[in-house]
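Q: I should like to learn how to read the features of a protein model, one at a time. Could the teacher please guide me through the case shown here?

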Amino acid sequence: MQKNIANKQMICNVLMEAAQKDHDIVVLCSDSRGSASATPFFEKFPEQSVEVGIAEQDLVGISAGMARVGKRPFPMSPACFITARSYEQCKVDVAYSHTNVKLIGISGGVSYGALGMSHHSAQDIACMTSIPGMRVYLPSDCYQTRALMRHLIADNEPAYIRVGRNAVDPVYSDDDCPFEMDKATIVTEGTDVAIIACGEMVLYAKQAAEILKAQGVSASVLDMYCLKPLDEDSIVKVASKARAVVSVEEHSPFGGLGSEVARVLCAKCPKKLAVLSLPDAPVITGTSKEVFAYYGLTGEGIAKKSLELLNG
């Protein structure tokens, strides 16, 4: 498999693989098949594809209705719209009604760059994890996305999956991608600082651990791809071995990974904690990498914050 494949493309690949045998799998888009890299699916499986148009609330409602009659729908739409604009449908039609809908939020976080706050999804972890019965996942690379999607295709529970827009460097490899459903992955082990990250931030957390190692600091990295159900045991495990904890996310500082890590540490393993996130404000204009660099969401930025916390 080629490297640097976008997570959304991997989702399409896995769905195409499964749809050859399972004719109940349906992909739905809201005028977003190109953005979702779903065009190949629509071309190969036209009878298992639905183009709803720019009507995200209908997208989710139709998906829930299809699930009620035995279909296995995968609605794909920009994360900012499928969560915020369709929040009631996600809450009532999918989670409360317990329909087998897998909500795929594409171009999550600040993927849309210069399009600004209207197109960014920096609140989706908070809003989706707060819905009873809704699982929430942010895979870190294409290999983890593949493993996650294969599990989700096989089960019958609602879920929200957020992925970015662009290809990302892999955290794992084709033949080395440890994965357990709803269990966080320990990328590296360390004893000075525990870095807990999700989504595209896991790669930068891994880079930070390498930077810290060169400076004589031992860092563990925990890939918390499962925001709900949250793997609290793994948080406690890495935190208990460290002197401090840093959480990293492409999300608002409210209601995301940092808030969840703080809740767990406070109750089960008190440690010094620094939360690295996007600000409580419209972010600057720029590409994802430019935005990350500006707010310290890079290997260098995470390493710097870790050292400040350890030496503070």
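**Cavities, pockets and sheets**

A: Let us begin with enclosed space: about 70 Å³ lies in the largest cavity. Please keep in mind throughout that this is a predicted model.

Q: How is such empty space found, and which residues line the largest cavity?

A: Rolling a probe the size of a water molecule over the atoms shows where empty space is left. In this model, the lining of the largest cavity is made up of N7, G108, L138, P139, R162, V163, G164, C198, G199, E200 and E250. By class, that lining comprises four nonpolar, four polar and three charged residues.

Q: How many cavities of 30 Å³ or more are counted?

A: The count comes to one cavity of 30 Å³ or more.

Q: How should I read a pocket, and how much space lies in the largest pocket?

A: A pocket is an open set of points, in contrast to a cavity, from which the probe cannot get out. Here the largest pocket holds about 230 Å³ of space. It is lined by 14 residues, of which A167, V168, E200, Y204 and K289 are the closest to its centre. E200 also belongs to the lining of the largest cavity.

Q: Which helices each supply at least two residues of the lining of the largest pocket, and what classes of residue are found in that lining?

A: Helices α8 and α11 (288-294) each contribute at least two residues. The lining has five nonpolar, five polar and four charged residues.

Q: What can be said of the second largest pocket, and which residues are closest to its centre?

A: The second largest pocket contains about 170 Å³ of space. Among its 13 lining residues, those closest to the centre are M117, A122, Q123, P279 and A281. The lining divides into nine nonpolar residues, three polar and one charged.

Q: Let us turn to sheets. How do strands pair, and in what order do the seven strands of the open sheet lie?

A: Strands of a sheet pair through backbone hydrogen bonds, either parallel or antiparallel. In this model, seven strands form an open sheet with mixed pairing, in the order β2-β1-β3-β4-β6-β5-β10. Its edge strands, each pairing on one side only, are β2 (49-51) and β10 (226-228). From one strand to the next, the twist averages 20 degrees.

Q: How does strand β1 pair with strand β3, and over how many bridges?

A: Strand β1 (residues 25-29) and strand β3 (residues 72-78) are joined in the parallel sense by five bridges. Within this pairing, L28 has P75 as its bridge partner in β3, and C29 stands opposite M76. On the other pairing, β1 and β2 are parallel over three bridges, with L28 opposite V50 in β2.

Q: Is β1 mostly covered or mostly uncovered, and which of its residues point each way?

A: β1 is mostly covered, as five of its five residues are buried. I25, V27 and C29 point one way, while V26 and L28 point the other way.

Q: Which helices lie on this sheet, and what are their directions?

A: Helix α3 packs on the sheet and touches β1, β2, β3 and β4 (102-106), its direction making about 170 degrees with that of β3. Helix α7 (residues 142-154) lies across β1, β3, β4, β5 (135-137) and β6 (159-162), and runs at about 135 degrees to β3.

Q: Within α3, why does E56 count as buried?

A: A residue is called buried when its relative accessible area is under 20%. E56 has 3% relative accessibility and therefore counts as buried. This residue is located in helix α3 (residues 56-68). Apart from neighbours within four places in sequence, E56 is in contact with S30, S77, F81, R85 and S86.

Q: In what order do the five strands of the other open sheet lie?

A: The order is β7-β9-β8-β11-β12, again with mixed pairing. The edge strands, β7 (185-188) and β12 (272-276), each pair on one side only. Neighbouring strands are turned by 20 degrees against each other on average, direction ignored.

Q: How do β8 and β9 run, and which helix lies across them?

A: Strand β8 (residues 193-197) and strand β9 (residues 219-223) run parallel, joined by five bridges. A197 has D223 as its bridge partner in β9. Helix α8 (residues 201-214) lies across β7, β8, β9 and β11 (244-248), at about 160 degrees to β8.

Technical notes: Residues numbered from 1 in each chain as written. Predicted model: local features only at pLDDT ≥ 70, side-chain atom pairs only at ≥ 80, totals over all residues. Heavy atoms only, no water. Pairing = 2+ DSSP bridges. Helix = DSSP H or I, 4+ residues; strand = E, 2+ residues; numbered from the N terminus. Axes fitted to C-alpha atoms, helices over the stretch in contact; angles between N-to-C directions. Contact = heavy atoms within 4.5 Å. 1 Å grid on protein atoms, 1.4 Å probe; cavity = no way out; pocket = protein on both sides within 12 Å on 5 of 7 lines; lining within 4 Å. Points joined across faces, edges and corners; volume = space filled by probe spheres on them. Nonpolar A, V, L, I, M, F, W, Y, C, P; charged D, E, K, R; others polar. Buried < 20%, exposed > 50% of the residue type's maximum accessible area, 1.4 Å probe, protein only.
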